[in-house]
Amino acid sequence: MLDCTKTIKGLLFGILIFVLTILSSIFFFVYRNENPSLAKLITEISEIILLLIALIIAIYAYRRIKKHYNKYYLPTNMFDVVLEIFSLGGVFAYNINSFIAVFYGLTHGKEPDDEPYILLKAGQSDDSDLTNNITLLFSALLQIIQSSIQTLLILECLRRYASDNSSYARKPGRELITILLIINICLWIIDTLSGKRYTVKDYLIDYFGTLKWSIINAFSAPIAIFYRFHSSVCLSDIWSGLYYGELEDNFKEMEGKQSESEYCQI
């Protein structure tokens, strides 16, 4: 039977985030043809908000879990560790290339058909394009930082278990893991439906060229999307496995004896 204790607040907050993510995805497809700049802006702002929340939660959860849980010498599942690190490489490859392209685009202009770059002058850039470029730059940077910290959290959690009966009963950090799990699902939805589609981020094609970006996108984008999916799987394992270590049988036995004594007193 699935034990959902100490997850109510995290689950409610996660459901709220999930609903808002679905709404932002709907708005993206509504405005994708009518107003592409607005569609991109909606996608990037949604992603930035999710990444900021996930970054704060990952840092806080890392501190709590290191404090309340003992550590094994090696992770319980080395295959998950290998997949997590491998998929993190895809996140780095995609977002570092995105960061370079956007940063160059903010400081240099480029004409189609691989013409030379020229320095942008004040007033040449459209306000909406400038806003989109800034959000894209911030989103790529946040992706790199958040995924790195989250990977450290996952690798650390895969090596830990409840240190005492108190930690087993209170389950500190479980609500945070619940929120982080749902946010990764939301980011996976955004990346799959809109965020890493070939036709969305045309600034990358402008910088790298169609052939080069096709090769980079073909290798890095699927792995970057897989990172969010695999992180969700790892967090679901942590959600259940972190709190059911060697103390599970002892704690249940203690609870059974306590309930029997209360029944006898009645």
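**Notebook: contacts, helix crossing and two residues**

I began with contacts along the chain: among those with a separation of 6 or more, 90% are between residues 24 or more positions apart. I note here that the model is predicted.

**Overall layout**

I looked up the secondary structure next and found 9 helices and 4 strands. I then wrote down their order along the sequence, which is α-α-β-α-β-β-α-β-α-α-α-α-α. The chain has 266 residues, and I recorded 42% of them as buried. For the accessible surface of the chain I noted about 14400 Å². Carbon and sulfur atoms hold 66% of that surface.

**Helices α3 and α8**

I took one helix pair for a closer look. Two packed helices are described by the angle between their axes and the distance between the axes. My pair was α3, residues 78-107, and α8, residues 210-241. Their axes come within 7 Å of each other, and I noted a crossing angle of roughly 135°. How are α3 and α8 oriented to each other? Angles over 145 degrees would count as roughly antiparallel and 65 to 115 as roughly perpendicular, so α3 and α8 are oblique to each other. I entered the crossing of α3 and α8 as left-handed. I also sorted the residues in the contact of α3 with α8 by class: 14 are nonpolar, 7 polar and 3 charged.

**Thr135**

I looked up Thr135 and placed this residue in helix α4, which covers residues 127-157. Is Thr135 buried or exposed? Its relative accessibility is 12%, and the cut-off for buried is under 20%, so Thr135 counts as buried. I then listed what Thr135 touches, leaving out residues up to four places away in sequence. The list holds Leu41, Glu44 and Ile48.

**Leu193**

My last entry is Leu193, in helix α6, residues 174-195. The relative accessible area of Leu193 is 34%. That value falls between the cut-offs of 20% for buried and 50% for exposed, so I entered Leu193 as partly exposed. Which residues does Leu193 contact, leaving aside its neighbours within four places in sequence? I found Ser25, Phe28 and Phe29. I checked one of these partners, Phe28, by C-alpha position as well. Leu193 and Phe28 are 165 residues apart along the chain, and I noted a separation of 9.3 Å between their C-alpha atoms.

Methods
Residues are numbered from 1 along each chain as its sequence is written. This is a predicted model: local features need pLDDT of at least 70, side-chain atom pairs count only at pLDDT 80 or more; totals for chains, interfaces and linings use all residues. Side-chain values use heavy atoms; hydrogens and water are left out. Helices (H or I, at least four residues) and strands (E, at least two) are DSSP runs, numbered from the N terminus. Buried means under 20% relative accessible area, exposed over 50%, partly exposed in between (1.4 Å probe, protein chains only). Contact means heavy atoms within 4.5 Å. Accessible areas come from the Shrake-Rupley method with a 1.4 Å probe; for residues, only the protein chains shown count as cover. Axes are lines fitted to C-alpha atoms, for helices over the stretch in contact, and angles run from 0 to 180 degrees between N-to-C directions. Angles under 35 degrees count as roughly parallel, over 145 as roughly antiparallel, 65 to 115 as roughly perpendicular and the rest as oblique. A crossing is left-handed if the near helix is turned anticlockwise from the far one by less than a right angle, and right-handed if clockwise. Ala, Val, Leu, Ile, Met, Phe, Trp, Tyr, Cys and Pro count as nonpolar, Asp, Glu, Lys and Arg as charged, and the others, Gly among them, as polar.
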